[in-house]
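The following exercises concern a ligand site and the domains around it. Each task is followed by a solution in steps.

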Amino acid sequence: MKHVVVIGAGQAGSSCVAKLRNSGFEGDVTLIGAEPVPPYQRPPLSKAYLMGDMTLERLYLRPEAFYADNNITLRMHSEVESIDTNAQTLTVSGETLAYDELVLTTGSTPNRLPEAIGGNLDGVFVVRDLSDVDTMAPRFAQDAKVLIVGGGYIGLEAASVAAKLGLKVVLVEMADRILKRVAAPETSDFFRELHHRHGVDIREGVGLDHLMGEAGAVIGARLTDGTEIPADFVIVGVGIRPGVALAEAAGIEIENGIRVDAQGRTSVPHVWAAGDCASFPYRGERIRLESVPNAIEQAEAVAANIMGAEKDYIAKPWFWSDQYDVKLQIAGLNTGYDRVVTRRVDADSIGFWYYRGDELVAVDAMNDPRGYMVGKRLIEAGKSPDPEVIADPTTDLKALLKA
Ligand code: FAD
């Protein structure tokens with residue numbers, strides 16, 4: 001009987017083992033994770049869980065009993081040290097384990113600030129793991145001063161929680177605008193204005209020179225323009241790197257992540273990869289997606305292919321972010337866009353629709369679930385309505401789906 005081993009007990013790993021069992025896989029299944037807890041959702045770590053609005057049990061993707069009930073061996077607190085792809089074995093906690101099929105769902109690692117500029121001072125945090133948030137949460141006290149480095153979604157979500165809890169928030173973004181890597185200027189303007197209304201001090205186009213410390217703890221920062229910002233603690237949200245170290249050391253091909261084919265196979269037989277760590281073919285390019293929907297769907301596709309489905313994974317990218325009372329929903333990928341069309345629905349709802357030439361490629365919808373839903377379906381169907389039709393708030397969006 002086959003033994004499938006999955007390394008990385010996060011969103012993708014948990015989805016993969018559940019899918020194997022739901023599809024009737026009868027062999028042995030082992031899920032190995034470095035963290036001391038069962039697989040959990042990461043998005044609430046910078047949203048409801050950080051805010052204190054969500055219990056730990058609700059964070060778990062499945063109750064811990066699910067794994068034993070489904071005859072899945074869950075090994076927590078166990079970091080896989082190496083893989084021997086010839087012998088089809090791996091080492092974990094000094095033990096050698098054999099596999100027939102191996103799935104790498106090792107996620108990603110947050111970038112940290114270098115030690116030379118104070119990155120190792122006490123009070124400097126990243127937001128990736130549950131333990132990061134549990135350690136940081138007691139600092140979220142009324143009137144505490146927090147400096148956030150990086151104006152991407154995680155930094156902005158942390159700023160939103162901090163401002164709501166009454167902290168004094170300064171956010172520094174080195175690029176000339178927040179969200180520059182992922183969104184159009186229109187979306188950056190929307191969120192800058194939203195944060196200003198909630199009292200967050202956003203500094204764009206200025207970098208961090210170094211963090212200042214006293215007795216080993218952070219007390220503030222000096223920016224590249226010479227400004228000094230006092231801070232009781234610092235949150236660093238400056239991007240992530242795919243978790244490829246284990247695969248690379250095992251001789252598996254890496255190309256901006258663990259390189260997989262359309263069915264999730266790596267360059268080495270019987271080794272698969274999915275989720276944040278995997279780069280895969282998409283519309284003639286090779287991409288990596290850092291999102292929950294991708295982790296789930298790609299991992300489920302790998303499970304199906306291990307069982308012989310021979311089915312390509314066709315990504316349907318979508319993402320969301322919650323800040324204050326705004327729900328942002330994103331459909332598609334805006335790579336290479338050359339035009340952004342604004343569709344204002346009412347005072348609280350607005351959408352920015354991205355076109356590349358005549359092709360609709362992505363939608364950022366703020367408090368506009370209908371715009372998001374229709375945009376997503378149009379993109380997936382390869383339909384691109386005339387931009388003027390989209391901009392007209394009287395257009396019946398749903399009718400466009402039938403056109
Ligand atoms: P992960 O969930 O990171 O799991 C990987 C696991 O592998 C980790 O537990 C790690 O410890 C383990 N591991 C790594 N190496 C080893 C090893 N050698 N041995 C054993 N275990 C190992 N996405 C959205 O779509 N919407 C959002 O709003 C959103 N918000 C987010 C907010 C935060 C704060 C963060 C951190 C992420 C957010 N994301 C969001 C991204 C989303 O959570 C990730 O894309 C998703 O978790 C990826 O799943 P994964 O299984 O690939 O990786």
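**Exercise 1. State how far apart the centres of domain 1 and domain 2 lie, and describe the contact between these domains.**

Step 1. Taken over C-alpha atoms, the centres of domain 1 and domain 2 are separated by 30 Å.

Step 2. The assignment for the chain gives domain 1 (3-109 + 240-306), domain 2 (112-236) and domain 3 (325-400).

Step 3. With contact meaning heavy atoms within 4.5 Å, 16 residues of domain 1 touch 14 residues of domain 2.

**Exercise 2. Assess the confidence of the chain.**

Step 1. The model is predicted, and the mean pLDDT of the chain is 97.

Step 2. A pLDDT of 70 or more is reached by 100% of the residues.

Step 3. By element, confidence is highest in strand 1 (residues 3-7), at 99, and lowest in helix 12 (residues 397-402), at a mean of 91.

**Exercise 3. Explain why the ligand is said to lie between two domains.**

Step 1. Domain 1 (3-109 + 240-306) contributes residues to the shell around the ligand, and domain 2 (112-236) does too, so the ligand lies between them.

Step 2. The elements that each supply at least two shell residues are helix 1 (11-22), helix 9 (292-306) and strand 22 (318-323).

Step 3. Helix 9 gives the most to the shell, with 3 residues.

**Exercise 4. Characterise the composition of the shell around the ligand.**

Step 1. The ligand is surrounded by 33 residues, of which A12, E35, K47, R128 and D276 come nearest.

Step 2. By class, the shell residues comprise 15 nonpolar, 11 polar and 7 charged.

**Exercise 5. Identify polar atoms of E35, K47 and S291 that approach oxygen atoms of the ligand, and state how much of the ligand is buried.**

Step 1. In E35, a polar side-chain atom is 2.5 Å from an oxygen atom of the ligand.

Step 2. In K47, an N or O atom of the side chain lies 2.6 Å from an oxygen atom of the ligand.

Step 3. For S291 the backbone is involved: one of its N or O atoms is 3.0 Å from a ligand oxygen atom.

Step 4. The ligand taken alone exposes 990 Å², and the protein buries 93% of that area.

Notes:
Residues are numbered from 1 along each chain as its sequence is written. This is a predicted model: local features need pLDDT of at least 70, side-chain atom pairs count only at pLDDT 80 or more; totals for chains, interfaces and linings use all residues. Side-chain values use heavy atoms; hydrogens and water are left out. A residue is near a molecule or strand if one of its heavy atoms lies within 4 Å of it. A polar contact is a pair of N or O atoms within 3.5 Å; within protein, one must be able to donate a hydrogen and the other to accept it, and residues adjacent in sequence count only if both atoms are side-chain atoms. Accessible areas come from the Shrake-Rupley method with a 1.4 Å probe; for residues, only the protein chains shown count as cover. Helices (H or I, at least four residues) and strands (E, at least two) are DSSP runs, numbered from the N terminus. Ala, Val, Leu, Ile, Met, Phe, Trp, Tyr, Cys and Pro count as nonpolar, Asp, Glu, Lys and Arg as charged, and the others, Gly among them, as polar. Domain bounds come from an automatic or database domain assignment. pLDDT is the predictor's confidence in each residue, from 0 to 100.
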